[in-house]
Amino acid sequence: MTPQADLLIDKVYIAGQWRDGERRFAVTNPATGQVIAEVPDLDGDAAREAIAAAEAAWPAWRKLPAKERASLLRAWFDAIMAHQEPLARLMTLEQGKPLAESRGEVAYGASFVEFYAEEAKRMAGETLPSHGVDKRILVFREPIGVVAAITPWNFPLAMITRKCAPALAAGCPVVIKPAEATPLTALALAKLAENVGFPAGVLNVVTASRPAEIGEVLTTDPRVRKISFTGSTPVGKKLLAQCAGTVKKASMELGGNAPFIVFDDADLDAAVEGAIASKYRNSGQTCVCTNRLLVQSGVYETFLDKLAARVAELKVGNGLDDGVVQGPLINQAAVDKVQAHIHDALAKGGRLIAGGEPHALGGTFFQPTIIADVTTEMRVASEETFGPLAPVFRFDTEEEAVAMANATEFGLAAYFYARDYRRIWHVMEGLEYGMVAVNEGILSTELAPFGGVKESGLGREGSRHGLDEYTELKYVCVGGL
Ligand code: NAD
């Protein structure tokens, strides 16, 4: 068997067992429409079994010395990287992104496993000055308990490791519910975890075509102590409300409406490269991708010309083919949303600079698109397009740019290009976002806290702060000394 066949798994993983389901659903390749595999279509009862398995595994997992948990995570990291190529191919098959991006995602996703393998050994508590001569204050940092991770299709591997690695490092077992479009990468990750020796029940994967039923169990079952969700803001709000009944701790990585601001003093060529990476990577289907380009009047037309020239070079096609930098969109609904935003912008006076139509390749391929002279009445100003459409707004002053950038209920990532150091400080401080990239088009790394403010979410993933999301503090007062 080729390594890829080894990793193409059509069963779910619960309590250390690979299981079938009574019903199954198809996983299709968005580039060809062909069915890759059929996986179990589970219901709420199966989710409860997975929770029970995780709960049963918890006492031994939390007691395992941190160094041993770290060794298992390190072995998982090594296994993921040893299978970088087959994992990347599997991801491109089910998600559509170009192979080079899939390889990058495997390495990015694995980096969280490596980082938290190290961090597991540093989960320290503290002693604090006490409030009495006969008392002492101890603070223990303890694993929170069973974690449920619900993940989206746009990063089928990294969104899982960003949650599981810190949870496992902290001593928490997990139940993963991957997106119905991309369950195969999740199952392959579980296989590699099994291969390196994670105990049964510590990591479980449940798949379903109707996520609401499983979601309800994961958010209402009192045995689950923490939900970590990445996905759209409406679903996140629903899950958060469902968590209220059992007062579950929740992390929410939700939608964005990222501004990308280009000031008159920017290095325009660098800004164009940053915009290409931030806007068209993963066909514009990333939560941190640029949703609005704001360009200052003095460089407006020059920037548009340079951006249009670069966009004309973007090769669209099947992500497995050489030289392709933009794959298909995930499904027809995604295409419909991009088209609706384009029609709305053009009807309200937008100027089409590039693209604007489904691609001649058919299916869900779409032309990389630029629309200029976009205004705040257009849908793209307030809604996440999640596709390869770059709407360009014009502004005159620094204050106007910051106000436009902040005029949204979202607050995930923001980008800007400038050279003046005072401007850089003022704009950086003025942006109401969880993450700001200055003269950079890509900011994700396991070393930094990833997350949003306002309706973009709660909590952070990555860095030492990512571990805190899976722990509770226990204060112990020792008296009578
Ligand atoms: P989605 O909200 O439709 O689905 C995300 C996950 O939730 C999937 O696993 C899905 O099966 C599940 N789900 C859907 N309805 C559910 C329900 N009622 N109960 C329980 N689970 C349910 O989002 P998507 O379309 O997969 O992903 C795109 C969205 O994710 C975008 O809005 C994007 O911005 C966001 N996203 C955010 C981040 C971040 O870190 N902030 C990262 C990637 C994607």
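This is a short talk on the domains, the ligand shell and two helix pairs of one protein model.

Hi everyone, and thanks for having me. Please keep in mind that the model is predicted.

Let's start with the overall layout. The protein is split into domain 1, covering 12-254 + 456-478, and domain 2, covering 259-438. Taken over C-alpha atoms, the centres of the two domains are 31 Å apart. Where they touch, 14 residues of domain 1 are in contact with 20 residues of domain 2. On the domain 1 side, that contact has six nonpolar, five polar and three charged residues.

Now, where does the ligand lie with respect to these domains? Domain 1 and domain 2 both give residues to the shell around the ligand, so the ligand lies between them. In total, 28 residues surround the ligand, and the closest are Pro152, Gly215, Gly231, Glu253 and Cys287. By class, the shell divides into 13 nonpolar, ten polar and five charged residues. Two helices are worth finding on your screen here: helix 8 (211-220) and helix 9 (233-243), each of which supplies at least two residues of that shell.

Next, some helix packing. Two packed helices are described by the angle between their axes and the distance between the axes. I'll use helix 5 as our anchor and look at two partners.

The first partner is helix 6. Helix 5 spans residues 99-119 and helix 6 spans residues 158-170; their axes come within 8 Å and cross at roughly 10 degrees. An angle under 35 degrees counts as roughly parallel, and helix 5 and helix 6 are therefore roughly parallel to each other. From helix 5, the contact includes Tyr108, Phe112 and Tyr116, and among the helix 6 residues they meet are Arg162, Ala165 and Pro166. The class count for this contact is ten nonpolar, two polar and three charged residues.

The second partner is helix 3, residues 66-82. Its axis and that of helix 5 also come within 8 Å, but cross at roughly 165 degrees. That makes helix 3 roughly antiparallel to helix 5, and the crossing of these two helices is left-handed. Helix 3 contributes residues including Leu73, Trp76, Phe77 and Ile80, while helix 5 contributes, among others, Val106, Val113 and Glu118. How many polar residues does the contact of helix 3 with helix 5 have? It has no polar residues, alongside eleven nonpolar and three charged ones.

One last pointer for anyone rotating the model: Ala110, Val113, Tyr116 and Ala117 of helix 5 are among the residues that meet helix 6, and these residues also take part in the contact with helix 3.

Thanks, and I'm happy to chat afterwards!

Note on methods. Residues are numbered from 1 along each chain as its sequence is written. This is a predicted model: local features need pLDDT of at least 70, side-chain atom pairs count only at pLDDT 80 or more; totals for chains, interfaces and linings use all residues. Axes are lines fitted to C-alpha atoms, for helices over the stretch in contact, and angles run from 0 to 180 degrees between N-to-C directions. Helices (H or I, at least four residues) and strands (E, at least two) are DSSP runs, numbered from the N terminus. Angles under 35 degrees count as roughly parallel, over 145 as roughly antiparallel, 65 to 115 as roughly perpendicular and the rest as oblique. Two residues are in contact if their C-beta atoms, placed from the backbone, lie within 7 Å. Ala, Val, Leu, Ile, Met, Phe, Trp, Tyr, Cys and Pro count as nonpolar, Asp, Glu, Lys and Arg as charged, and the others, Gly among them, as polar. A crossing is left-handed if the near helix is turned anticlockwise from the far one by less than a right angle, and right-handed if clockwise. A residue is near a molecule or strand if its C-beta atom, placed from the backbone, lies within 6 Å of it. Domain bounds come from an automatic or database domain assignment.
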